[in-house]
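Dear colleague,

I am passing on to you the structure we spoke about, and my notes on it follow below. Please read them with the model open beside you.

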Amino acid sequence: MTAVTAVTSVAVIGLGYIGLPTAAVLATNGLQVIGVDVNAETVDAVNRGEVPFVEPDLGVHVAGAVSQGHLSASTETPWADAYIVAVPTPFTPERSADLSYIYAAARGIAPQLRGGELLILESTSPPGATRQFAEYLIELRPDLSLNEDDDKPTLFVAHCPERVLPGRVMIELVTNDRIVGGLTPKAAEMAKHLYARFCQGEIHLTDDVTAEMAKLVENSFRDVNIAFANELSMISDKMGIDVWELIRLANHHPRVNILQPGPGVGGHCIAVDPWFIVDAAPAEAQLIRTARNVNDAKPHWVRDKVAKALEALPAAAEIAVVGLAFKANIDDLRESPAVEIAAGLASDSPFRRFNIAEPHVSELPGKLREHENVGLVDLEDAVQRSGVVVILVDHDEVKELDRALLEGKLVVDTRGVIK
Ligand code: SAJ
């Protein structure tokens, strides 16, 4: 059966950090877009032209697309020429992928299908998930087929992983190359055609499993390299040398480019995706698993280091914890090692006062609110009041902090901000 030839309407399922920017960019490029989300507050916000989270330039795109009538949102999945699924794929306590949101999206889409539609899975997925998604649709709609030679109406299914960096999403959505893996070459071609509406990078075609693995491998590559830097920081600490100086010097070699150590790896991608590879090939993925363990252990190492430093100080000495976000210059605290370290320190020393400075948030996350000895304080105030300063995030505000304020203080700098 033939495909929908020219896609004019797109339903984007999941209006989070990826789905909403993608919906907005498709809508501003002439497509009729409906964003679907289970959260009615998100849907209402988008219909008012508002964005429920911080991402530079996204607000302008959403407001413009909504006011021109190209973008709207709903809690119900409509019929559309093409569907883009951008829902979370968290991992289970056993560290295998939880595909329940993908299946839920499929249950919303299936009753709408007529045959000929293009269905793209953008969620970061373990190998085989795109095929499972497609086969689940057919289970729900046995009157349709994935086989183009079949007599039944066909569904065209592809995987196109997102690769944008939070904080630069609106730029990278347009400029990054894309990988499109089709269940069939025709599905890949159709998806390429859709992304070419806004993507100025190259669009590379492959099969579904290679596309799934490409995304996981990119994030695992970064994780392994950060683990190397984190391991060097612990080795250097033991040897009494400055790891930042060590890396800076080693990086003068023309074929060496070591990343930066930190308090651990946060966010919902790099700390999660490598586990999908480990789950798929447990015996073979030795290095990837070890890197994950090294990075996961780093917050504990920082916590122990600060605890040791505190032993030498009077009980009245206050501690400044600088930064909570999972990386610099964003307000995202999800899976942040800084939050984990701050909460751990506060419970290790319940009688000490912790002054948390995070210029990008106006209230502490739940994990920290439950501690009575913790308060959110202005950056300079926090440093001035404290005998110990623990730097966990290299926000610009931290880099620009007046160094004189740190004189006479014990500084634990996990990001190499204070040289
Ligand atoms: N980090 C270090 N040292 C470094 C670099 C990063 O400790 O040298 C830490 C950061 O502080 C942070 C974590 O790693 O806690 C992850 O930050 P990141 O900037 O490396 O990556 P994310 O999670 O913001 O975005 C990544 C990107 N992937 C790659 O660069 C390969 C992005 O392109 C992906 O789209 C995104 O994951 C995703 O959604 O998968």
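To begin with one helix of this predicted model: which residues are buried in H5? They are Ala 129, Thr 130, Phe 133, Ala 134, Tyr 136, Leu 137 and Ile 138, and the buried residues of H5 pack against strands E4 (82–85), E5 (118–121) and E6 (156–159) as well as against helices H4 (100–109) and H8 (208–239). The length of H5 can also be checked, because at 1.5 Å a residue its 12 residues (129–140) should span 16 Å, and the C-alpha atoms at its ends are indeed 16 Å apart.

Turning to the strands, E1 (residues 9–13) pairs with E2 (residues 32–36) in the parallel sense over 5 bridges, and within this pairing Ser 9 has Gln 32 of E2 as its bridge partner. Between E1 and E2 the chain passes through helix H1 (residues 19–27), in a β-α-β crossover that is right-handed. E2 is in turn joined by 4 bridges to strand E3 (residues 71–74), again in parallel, where Gly 35 has Ala 73 of E3 as its bridge partner.

As for the ligand, there are 21 residues around it, of which Glu 162, Val 164, Lys 215, Arg 222 and Phe 326 come nearest. An N or O atom in the side chain of Lys 215 lies 2.5 Å from an oxygen atom of the ligand, whereas with Gly 266 it is a polar backbone atom that lies 2.9 Å from a ligand oxygen. For Phe 326, a polar backbone atom is 2.6 Å from an oxygen atom of the ligand.

With best regards

Terms used
Residues numbered from 1 in each chain as written. Predicted model: local features only at pLDDT ≥ 70, side-chain atom pairs only at ≥ 80, totals over all residues. Heavy atoms only, no water. Helix = DSSP H or I, 4+ residues; strand = E, 2+ residues; numbered from the N terminus. Expected span 1.5 Å × (residues − 1). Buried < 20%, exposed > 50% of the residue type's maximum accessible area, 1.4 Å probe, protein only. Contact = heavy atoms within 4.5 Å. Pairing = 2+ DSSP bridges. Right-handed = clockwise from strand over helix to strand, strands pointing away. Near = heavy atom within 4 Å. Polar contact = N/O pair within 3.5 Å; in protein donor to acceptor, adjacent residues only side chain to side chain.
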